[in-house]
Amino acid sequence: MCFKIRFTFATQKLFKMDRQSVIGLVLIAAIIIFFSIWNTPRQQELERAKKIADSLELVKKQSTQKNNDSIVNSTNISKIAADTIKKTTNEKSDLFGSFSTAVEGTEDIYSIENNLVKLSVTTKGGRPYSVELKKYKTFSKSPLILFSGDSTQFGFNFFTTNNRHIFTNNLYFKPYSDKKDISVDENDTAKSLKLRLFIDDDKYIEYVYTLRPNQYMIDFKANFVNLDSIISPTTTQLDVYYKIYLRCQEREINTEKTYTSIYYKFNKEKVENLELSKDNEKSLSLPNKLKWIAYKQQFFSNVIIAKSTFDNASITIKDVKDTSTHFLRVCYSEIGVPYQNGKFNSVDLSFYFGPNHYQTLKKYKIDLEDLVTLGSSIVKWINRFLIIPVFNFLNKFISNYGIIILLLTIFIKIILFPLTYKSYLSMAKMRVLKPQIDEINNRIPAEKAMERQQAVMALYKRVGVNPLGGCLPMLLQFPILIAMFRFFPSSIELRQQAFLWAKDLSSYDAVITWSAHIPIITEYFGNHISLFNVLMTVTTIITMKMNNQTNASQQQMPGMQTMMYIMPVFFMFILNRFSAGLTYYYFLTNIISIIQNEIFKRAIDEDKLLKQLNDNKKKPVKKSSFQARLEEAAKKSQYKKR
């Protein structure tokens, strides 16, 4: 209804215009439509573009043919290539304009490296061709290559003054020097690899890759020199297209895939990520703009970072269904960067190609450390300010990570000792009071459930027992258990570290494996049995049985006890593919808990405890401050009524 009123009002207002105004508006609309149609690529241009691509592809195939048969010989191939290039020169000029001279060239690989990372750059597109992390290996002990070859694309998208669409990824650059391999030594401050996409001698796009010693961060600068008459003068933003097929680096592709996603950060905002479980895409645009976008894997990341900010971006992640390719997922982004047309314009970016190591990422001070999955809220704080500092401290003196996890577990159990003791003592009080509770239940029939409950609570109050005293301390321990669940699978320190029978504490410790596909079992449990996982399950059942005996005073619902023993088996299925470091930690926690329970059992004299509780009945019941205030308020209210 509102729309119809506005439309009627606008129509009446339009008809009140004088005749000349209406004619002027019609002429302006006609001019806009005419130029839109004129600047739209014509069908002939599209056909010529396809013809050029087909011709060049044919020349390439023919020129690389090895056999010399009676139909086509090497002389004929050269002639066909020359004729095709000659025939399409004008058409290429129509399609690429001033950039037509960069359509063809020779693809060469140049590299720049330090002691940590080696970046190879191809002259076709001037883009990163491959990245090797020197201090890491794949699970099969091969060099760790983050990406290589045509599995990546990188370039700028823009339009020229004559409405030609240019994508630099497909054009050929020329290196600035003849030296193909640049090495950055410890004594160097920095070295750079430069490539240029020439239009004329004084008109070009220059890519500069700069690397420093002991750094995974690579600075990138794109200089647009004297292109003010070539790039459309209305251009205020260039689009950076960045696409990578992420390669599997770890033991199991399905497990690693669960940690693979696109993460991003807006200025002065927390780090966010796309949903991990499915293909996803999202447009990113906020007033405070983007700082960086990361293609994150379990232990390594590719991050593109703005020196200032990005204007906006569109990000997409898709699953690679064919696991035989050893690719996890494909990620790509279209990122808007600010551009001011002029004689010289520069786009400053950085790339981080490196490990998801908390301390390494933290030193860049742009929240890259949030790529290490530590959980949220209180769990994240526990990991940041308790677990990681203690872990790093122990790592300074001990090289065996199995021993480090043992000492870390003991440290955590010592911190939790007062809560654990309080919980056990509370359950012991409930246990010694069980005969008195049974007497109340026998005296008051079940039909009077409310009266029975009030009598039990009155008993607790007289003897000074809190019925929730055993539960609350246990609940306070859950954040630490969850923190460890987040910490171990994300800890790159455990990667490929062996302990006892576990070859890699960051992966599962298979002691039995099989190749046959078993429905449901293979999908959810895997084709292996992890020994630490089994030990964790067995000790969890023992611990639960001991707690059940300790807490025998509390009546359980029918079937609840059976459910308690089913849950550890359920978690065994879930954790069978998880980090051996995690299940080893849970196993140690259970062992220490069993020892603690035995110590508490021998240390607490239940007869003496019962006598103390009975003596409490003789003492006046202390009122809480809250209860005292309520009674005082009630007295004042009654006094006023009088």
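These legends walk through several close-up views of a predicted model. Residues are numbered from 1 along each chain as its sequence is written, and side-chain values use heavy atoms, with hydrogens and water left out. Because the model is predicted, local features need pLDDT of at least 70 and side-chain atom pairs count only at pLDDT 80 or more, while totals for chains, interfaces and linings use all residues.

**View 1. The largest nonpolar core, with W292 in the picture.** A nonpolar core here is a set of buried Ala, Val, Leu, Ile, Met, Phe, Trp, Tyr and Cys residues joined through side-chain atoms within 4.5 Å. Buried means under 20% relative accessible area, exposed means over 50%, and partly exposed is in between (1.4 Å probe, protein chains only). This core has 117 residues, and those with the most contacts inside it are F156, Y209, F224, W292, I293, I304 and L368. Zoom in on W292 and, leaving aside neighbours within four places in sequence, you'll find it in contact (heavy atoms within 4.5 Å) with residues including Y263, Y264, V271, V303, F310 and I366. K265 and D367 are on the contact list of W292 too. Apart from this core lies another one, of 18 residues, among them A428, V432, I440 and Y460. In general, nonpolar side chains in soluble globular proteins tend to be buried together.

**View 2. Helix α16, one side in and one side out.** Helices (H or I, at least four residues) and strands (E, at least two) are DSSP runs, numbered from the N terminus. In α16, which spans residues 606–616, L609, L613 and N616 are buried. They cover an arc of only 55° around the axis (taken from the directions from the helix axis to the C-beta atoms), so they sit on the same side of α16. The face turned away from that buried side carries the exposed residues D607, K608 and K611. Covering the buried residues of α16 are, among others, α8 (401–432) and α10 (449–463). At the N-terminal end, D605 acts as a cap, with a side-chain oxygen 3.1 Å from the backbone nitrogen of D607.

**View 3. D311 and K289, a salt bridge between two loops.** A salt bridge is a side-chain nitrogen of Lys or Arg within 4 Å of a carboxyl oxygen of Asp or Glu. In D311 and K289, the closest N and O atoms are 3.3 Å apart. The pair links distant parts of the chain, 22 residues apart: D311 is in the loop between β17 (300–310) and β18 (312–319), and K289 is in the loop between β15 (280–284) and β16 (290–296). D311 counts as buried because its relative accessibility is 17%, whereas K289, at 31%, is partly exposed.

**View 4. Salt bridges within helices.** In helix α9 (residues 434–443), K434 and D438 lie four residues apart, about one turn of the helix. Their side chains meet at 3.1 Å, N to O. K434 is partly exposed at 28%, and D438 is partly exposed at 28%. Helix α15 (residues 580–603) holds E598 and R602, also four residues apart, with their closest N and O atoms 2.5 Å apart. Here E598 is partly exposed at 28%, while R602 is exposed at 66%.

**View 5. A salt-bridge network, and two cysteines.** E369, D370, K380 and R384 are linked in a network of salt bridges. The structure holds 21 salt bridges. Zero disulfides turn up (pairs of cysteine sulfur atoms within 2.5 Å). C248 counts as buried at 18% relative accessibility, and C331 is buried at 0%.

Technical notes
A polar contact is a pair of N or O atoms within 3.5 Å; within protein, one must be able to donate a hydrogen and the other to accept it, and residues adjacent in sequence count only if both atoms are side-chain atoms.
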